[in-house]
Amino acid sequence: MAGIAVSHLTFAFGDKPVLDNVSLEIRAGARLAILGGNGSGKTTLAHFLAGWLPDGRPHQGTVTCDGRPWTEWSLAERACAVQLVGQVPVRHLSGRAFTVREEVAFGPENLNLPISEIQARTERALAQCRLEQLAERDPFTLSGGEQQRLVIAAALALEPRFLVLDEPLTNLDPEAREHVLALLLSLPRDRAVVLLETSPDAALAFAEDFMLLDGGRITAHGSARDVLLHGCAVRTLGLPSIPRACRELGLFGELADSELPLSLDEAKELIKGAADARR
Amino acid sequence: MRSWSIHRPGTSALHRANPLTKLAALLLLAALLFVLPWPGAWAGSLLLLAAAFGLRIGGVVLRRYLVLATPFLIAVFIFHGLIVDRPDRMPLAAFLSYSQEGLTYAAVLGGRISLMLAGSLLFVATTHPAALLRSLDVAGMPPGLSFLLASPLLLIDEFTKRAGAIRDAQQARGMRVDTLSDRLRALRLLAVPLVTLALADAQERSGVLNGRAFRAFPRRAVLSPPPDTALERRLRHVLVAVSVLLVGCALWLG
């Protein structure tokens, strides 16, 4: 198939199982959120999706892109196909660049692209992530949030078809979170974006398709309602803001968690419906 | 500015020269060590330090020179002049003895080290590391080699910062560092998390480098290569040829 396919993937760190028979598909243009609590296996799954296969540690199952296992892809092919943005941005800096601009240009330079193309991609990625003012700064002296935007810019400069983001919002202030979410939503529809998150609100703001990873297994898959209001998700991640506010305000007490409104519009509809019914 | 860096921007000819040309000049300096008598090496050191003052970077170069050279030169003179057993030794006290031959050898060795150190510091103070890396990329050096050069320079501050954070966290939770034995114990306790985290970082960074196609090709493009001229390229060839000639002559003449 065209896209990334994970089939019956099982992996353990020593005796500790991390992923247990995970299967999923990511097609071009997908906007997928994979939610899970700490230790649910999100980071390991993100590594497999991006072709970062663990050295010397056996795993069962396969991870393919366009029908070919990642092991058959050259470095250059893989870099153009998928990029991973990790949750600790300082670890995702190349360690080879002395300025923000050099860091963003690092990937395209490695691909030996024409200079005009490298320049265009670098400036475009800097602008997309609002890093123009910081272009000559040392990447290691940026704040955590700025570094996160830099790592995203460095990934975007490679123009990958699949962008995998492992808790990319963790270090960001509210304004920067909004900006990164808006940036992800503005990416061309031919690119697939996979967001691995602990925050149901971030997932809700971005994704169209949702999965819940719990104890290394995919325990729910479907719409926001199917996954975010799933009993297991509510237990481990809590309710998203709107249904939580409804519960705290004592609204819709007769409704089960899975029937609560997920958005303000849904809440308004329900309130209006209840008022009409009383009349 | 990074804590270790002594690079000072400037517009002098030395600042503007291509880093590879400066590296070729350093090679010539190293070759000169084979033929220069020891007073010449010391005079060369002084000349280079004076040149640094001429370029208005004398303060930073001299400070770093003294910090690096002083302990080494003192050790060389003590070891070769006063401790090593030589035929012309004249006993002073206990195991110490005075040897003219040993002191001369220390002056030769010290002069060589001093000259290379002064030259290297002048190079580092007038060459931004990024420019050096770009020029190595342009010259077609394997990307892995330039990474080996760059990563310690870039990561040393990060490593120092992390060591400070671990030490502060340990002290905040009651670890004492009052006595020498406390400090030695603290060093051991610091090393374990520091090394563990460094290994985790290295693994992650290796994934990042692969993910961004590092070493996908034997050569990489360079967005903004340092300026280079035909004259400089010819000069580099001459410098390398003279260096080889000097070393050859020195070896041939014994």
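Select L163(A) and V193(A) to begin: V193(A), in β8(A), is the bridge partner of L163(A). The two strands at this place, β7(A) and strand β8 (residues 192–197) of chain A, pair in the parallel sense over five bridges. The model shown is a predicted one. In chain A the pLDDT averages 92, and 100% of the residues score at least 70. Colouring chain A by this score brings out two elements: strand β7 (residues 162–166) has the highest mean among the elements of the chain, 97, and helix α11 (residues 264–278) has the lowest, 86.

**The sheet of chain A**

Next, display the whole sheet around these strands. It is an open sheet of six strands in chain A, ordered β6-β7-β8-β3-β9-β10, with mixed pairing. Its edges are β6 and β10 (217–222) of chain A, each of which pairs on one side only. On average, neighbouring strands of this sheet are turned by 15 degrees against each other, direction ignored.

Move to the edge strand β6(A). Its pairing with β7(A) is parallel and runs over four bridges. Within that pairing, L84(A) stands opposite V164(A) of β7(A). Are the faces of strand β6 (residues 82–85) of chain A covered or open? Both are covered: V82(A) and L84(A) are buried on one side, and Q83(A) and V85(A) are buried on the other.

**From the sheet to the cores**

Select L184(A) and F210(A). The largest nonpolar core has 60 residues, and these two touch the most other members. Helix α5 (residues 144–156) of chain A gives this core its largest share, six residues. Another core, of 32 residues, lies apart from it and has V6(A), I26(A), L45(A) and A50(A) among its members. In soluble globular proteins, nonpolar side chains tend to be buried together.

Return to L184(A) and show its surroundings. Leaving aside neighbours within four places in sequence, L184(A) is in contact with R31(A), L163(A), L165(A), V193(A), L195(A) and F206(A). The bridge partners chosen at the start, L163(A) and V193(A), are thus among the contacts of L184(A).

**H47(A) and the boundary between the chains**

Now select H47(A), which lies in helix α1 (residues 42–49) of chain A. Is this histidine buried or exposed? H47(A) has a relative accessible area of 18% and therefore counts as buried, the cut-off being under 20%. Beyond its neighbours within four places in sequence, H47(A) is in contact with W52(A), L84(A) and E204(B). One of these, L84(A), was met in strand β6(A), and E204(B) leads to the other chain.

Show both chains together. In this view, 38 residues of chain B are in contact with 36 residues of chain A. Between them the chains bury about 3300 Å², 56% of it on carbon and sulfur atoms. Which three residues of chain B should be selected for their share of its buried area? They are R212(B), R220(B) and L223(B), which supply 25% of the area that chain B buries against chain A, more than any other three residues.

**Helix α6 of chain B**

Select helix α6 (residues 129–138) of chain B. Eight of its ten residues are buried, so the helix is largely enclosed by the rest of the structure. The buried residues are P129(B), A130(B), A131(B), L132(B), L133(B), S135(B), L136(B) and D137(B). Their cover includes α3 of chain A, together with α2 (19–35), α5 (100–126) and α7 (143–172) of chain B. After α6(B) comes G140(B), with a positive phi near 85 degrees.

**Turns and loops**

Continue to the hairpin of chain B. Strand β1 (residues 90–93) and strand β2 (residues 96–98) of chain B pair in the antiparallel sense over three bridges. M90(B) has Y98(B) in β2(B) as its bridge partner. Two residues separate β1(B) and β2(B), and A94(B) in the turn has a positive phi of about 50 degrees.

Two loop residues complete the tour. R56(B) is in the loop between α3 (38–54) and α4 (58–83) of chain B. The phi of R56(B) is positive, near 65 degrees, in a residue other than glycine. With 78% relative accessibility, R56(B) counts as exposed.

Finally, select N112(A), in the loop between α3 (100–110) and α4 (115–128) of chain A. N112(A), also a residue other than glycine, has a positive phi near 60 degrees. Its relative accessible area is 36%, so N112(A) is partly exposed.

Technical notes: Residues numbered from 1 in each chain as written. Chains lettered and ligands numbered in written order. Predicted model: local features only at pLDDT ≥ 70, side-chain atom pairs only at ≥ 80, totals over all residues. Heavy atoms only, no water. pLDDT = per-residue confidence, 0-100. Buried < 20%, exposed > 50% of the residue type's maximum accessible area, 1.4 Å probe, protein only. Pairing = 2+ DSSP bridges. Core = buried A, V, L, I, M, F, W, Y, C linked by side-chain atoms within 4.5 Å. Contact = heavy atoms within 4.5 Å. Axes fitted to C-alpha atoms, helices over the stretch in contact; angles between N-to-C directions. Buried area = accessible area lost by both parts, 1.4 Å probe.
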